[in-house]
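Biologist: Please take a close look at one part of this model, the charged side chains and what they touch. A connected account would help, taken residue by residue.

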Amino acid sequence: NSNRIRLSKIAASPRIVEGDVMDSNRLEAAMVGQDVIYANLSGELGEQAQAIIEAMRKTKVSRLIFVSSMGIYDEVLGERYGKILDPYREAARHVESSGLNYTIVRPAWLNDDKVVSYGTTTKGENFKNSSESVSRRSVADLIVKLITDTGVGIRESLGVHKK
């Protein structure tokens, strides 16, 4: 898979583990010895975030990159996404109160354009260009930066928009 090729450029031997995040034994085993946990999930996000945080505490991993959604802080002018984003809001609350070195990534709607062009906003700022979609490649570029530059995005929630 092409994602693994790109990951191999940022780490000598990246370890990708797929499984049920609610299986605490497997989750903890997968985290042992890791530097960064990247979570891009769907479903019961609040419960999943809690499970990840607990496993990270037990395995002493402190860096978490957690993908969420734009609109969780009502930062998109003229839009109220209501209950549909409640699972994302709940997960963000857990992550933000975890004490971990987290970054929440809140992308706009995604597209498959083969371009890297994006800007970011932080929690408390209005989301920019919310009517424009952002490329998956742009979001991936930001995530690679968050993984490789240990000083970027710590304890921040970053909105990702088309530039």
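Modeller: What follows covers one glutamate and its surroundings, and then a group of salt bridges. The model is predicted, and each value below is computed from it.

Glu 96 belongs to helix H4, which spans residues 86-96. Its relative accessible area is 23%. Buried means under 20% and exposed over 50%, so Glu 96 is classed as partly exposed. Leaving aside residues up to four places away in sequence, Glu 96 touches Tyr 73, Tyr 102, Ile 104, Lys 123 and Ser 157. With Lys 123 there is also a polar contact from side chain to side chain, at 3.3 Å. Another pairing concerns Glu 156: the C-alpha atoms of Glu 96 and Glu 156 are 8.5 Å apart in space, while the two residues are 60 apart in sequence.

Helix H4 also carries Arg 89, which takes part in the salt bridges. The structure holds 9 of these, and three are described here in detail: Arg 89 with Asp 74, Arg 80 with Asp 74, and Glu 75 with Arg 106.

In the pair of Arg 89 and Asp 74, the closest N and O atoms are 3.7 Å apart. Asp 74 sits in the loop between strand E2 (63-67) and H4, whereas Arg 89 is in H4 itself, so this salt bridge ties together parts that are 15 residues apart in sequence. Arg 89 has a relative accessible area of 13% and is therefore buried. Asp 74, at 38%, is partly exposed.

Asp 74 has a salt bridge with Arg 80 as well, and the closest N and O atoms of that pair are 3.7 Å apart. Arg 80 counts as exposed because its relative accessibility is 63%. Asp 74 thus has one partner that is buried, Arg 89, and one that is exposed, Arg 80. With Asp 86 included, Asp 74, Arg 80 and Arg 89 are linked in a network of salt bridges.

The remaining pair is Glu 75 and Arg 106, whose closest N and O atoms lie 2.6 Å apart. Glu 75 is in the loop between E2 and H4 and Arg 106 is in strand E3 (residues 101-107), so the pair ties together parts that are 31 residues apart in sequence. Both Glu 75 and Arg 106 are buried.

Terms used: Residues numbered from 1 in each chain as written. Predicted model: local features only at pLDDT ≥ 70, side-chain atom pairs only at ≥ 80, totals over all residues. Heavy atoms only, no water. Helix = DSSP H or I, 4+ residues; strand = E, 2+ residues; numbered from the N terminus. Buried < 20%, exposed > 50% of the residue type's maximum accessible area, 1.4 Å probe, protein only. Contact = heavy atoms within 4.5 Å. Polar contact = N/O pair within 3.5 Å; in protein donor to acceptor, adjacent residues only side chain to side chain. Salt bridge = Lys/Arg side-chain N within 4 Å of Asp/Glu carboxyl O.
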